[in-house]
Amino acid sequence: MLKLYLPEPGSDEFNEVVEGRDDVLVSDLSVTEFISAIARRLRQRSLAREAARRLQHALLGRLDEDVYRRVELTRDVHRRAEQFLLSLPETPLRAADALHLALATSARAASLASFDARLAAAARAVGLPTYPA
């Protein structure tokens, strides 16, 4: 998510891929991770507090405007994440990554956008295409 709002390596390409799509799925877990990344930049003094607030409001506004499709963390999603944690021993997933994978598969996402190598590998292991490939 952060690549959509702050310039990072790969941001331009990722923005082009997402631009105009109406099938981008976002969970509150993603929002919390987005805010965590912004908070880290605040602590590092590489982002001003007002800029952090604007980024938070921009993301939440897009969710409220239904630019992104919200997916919910339910009990079933947690159970699916736990199954991924137990069934993918070659891919050491963290809990949050397992939840992202479970959200994507539960929502029948066409693909998973992740710049995290472990999460992308786990997605491919369960047959979910990834971006970047």
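In this predicted model, Arg-21 is partly exposed, with a relative accessible area of 41%, and this residue makes a convenient place to begin a walk through the structure. The side chain of Arg-21 meets that of Asp-23 in a salt bridge, with 2.8 Å from N to O, and Asp-23 is itself partly exposed, at a relative accessible area of 35%. Arg-21 also takes part in the lining of the second largest pocket, together with Leu-4, Tyr-5, Asn-15, Val-18, Glu-19, Gly-20, Arg-62, Val-67 and Tyr-68. This pocket has a volume of about 160 Å³, and its lining divides into five nonpolar, two polar and three charged residues. Two elements, helix 1 and helix 2, each supply at least two residues of that lining.

From the second largest pocket we can turn to the largest one, which holds about 1200 Å³ of space. Its lining is made up of 39 residues, and those closest to the centre of the pocket are Met-1, Phe-14, Ser-30, Ala-113 and Ser-114. Several elements each contribute at least two residues to this lining, namely helix 1 (2-5), helix 2 (11-18), strand 1 (25-27), helix 3 (28-43), strand 2 (69-71), helix 6 (95-106) and strand 3 (112-113). Which of them gives the most to the lining of the largest pocket? That element is helix 3, with seven residues. When the lining of the largest pocket is sorted by class, the result is 22 nonpolar, six polar and 11 charged residues.

The next step leads to the nonpolar cores, and a general remark helps here. In soluble globular proteins, nonpolar side chains tend to be buried together. In this model the largest nonpolar core has 20 residues, and those with the most contacts inside it are Tyr-5, Phe-34, Ile-38, Leu-47, Leu-55 and Tyr-68. Helix 1, helix 2, helix 3 and helix 4 (49-64) are the elements that give two or more residues to this core, and helix 4 gives the most, with five. Phe-34 offers a closer view of how such a residue is surrounded: when its neighbours within four places in sequence are left aside, Phe-34 is in contact with Met-1, Leu-2, Tyr-5, Leu-55, Gln-56 and Leu-59. There is also a second, separate core, which has 19 residues and includes Val-77, Ala-102, Ala-109 and Ala-123.

Two single residues show what the words buried and exposed stand for in this structure. Ser-27 is found in strand 1, and this residue counts as buried because its relative accessible area is 3%, which falls under the 20% cut-off for that word. Apart from neighbours within four places in sequence, Ser-27 is in contact with Val-71 and Leu-103. Pro-9, by contrast, lies in the loop between helix 1 and helix 2, and it counts as exposed because its relative accessibility is 73%, which is over the 50% cut-off. Pro-9 and Val-26 are 17 residues apart along the chain, and their C-alpha atoms are separated by 21 Å.

The walk can end with the charged side chains, where the count comes to eight salt bridges, one of which is the pair of Arg-21 and Asp-23 met at the start. Another joins the side chains of Arg-53 and Glu-50, at 3.5 Å from N to O. How far apart in the chain are Arg-53 and Glu-50? They are three residues apart, about one turn of the helix, and both lie in helix 4. Arg-53 is partly exposed at 38% relative accessibility, and Glu-50 is likewise partly exposed, at 42%.

A further salt bridge brings together the side chains of Asp-116 and Arg-94, at 2.8 Å from N to O. This pair links distant parts of the chain, 22 residues apart, with Asp-116 in the loop between strand 3 and helix 7 (117-125) and Arg-94 in the loop between helix 5 (75-87) and helix 6. Asp-116 has a relative accessible area of 25% and is therefore partly exposed, and Arg-94, at 39% relative accessibility, also counts as partly exposed. Finally, Lys-3, Glu-8 and Arg-41 are linked in a network of salt bridges.

Notes:
Residues numbered from 1 in each chain as written. Predicted model: local features only at pLDDT ≥ 70, side-chain atom pairs only at ≥ 80, totals over all residues. Heavy atoms only, no water. 1 Å grid on protein atoms, 1.4 Å probe; cavity = no way out; pocket = protein on both sides within 12 Å on 5 of 7 lines; lining within 4 Å. Points joined across faces, edges and corners; volume = space filled by probe spheres on them. Helix = DSSP H or I, 4+ residues; strand = E, 2+ residues; numbered from the N terminus. Nonpolar A, V, L, I, M, F, W, Y, C, P; charged D, E, K, R; others polar. Buried < 20%, exposed > 50% of the residue type's maximum accessible area, 1.4 Å probe, protein only. Contact = heavy atoms within 4.5 Å. Core = buried A, V, L, I, M, F, W, Y, C linked by side-chain atoms within 4.5 Å. Salt bridge = Lys/Arg side-chain N within 4 Å of Asp/Glu carboxyl O.
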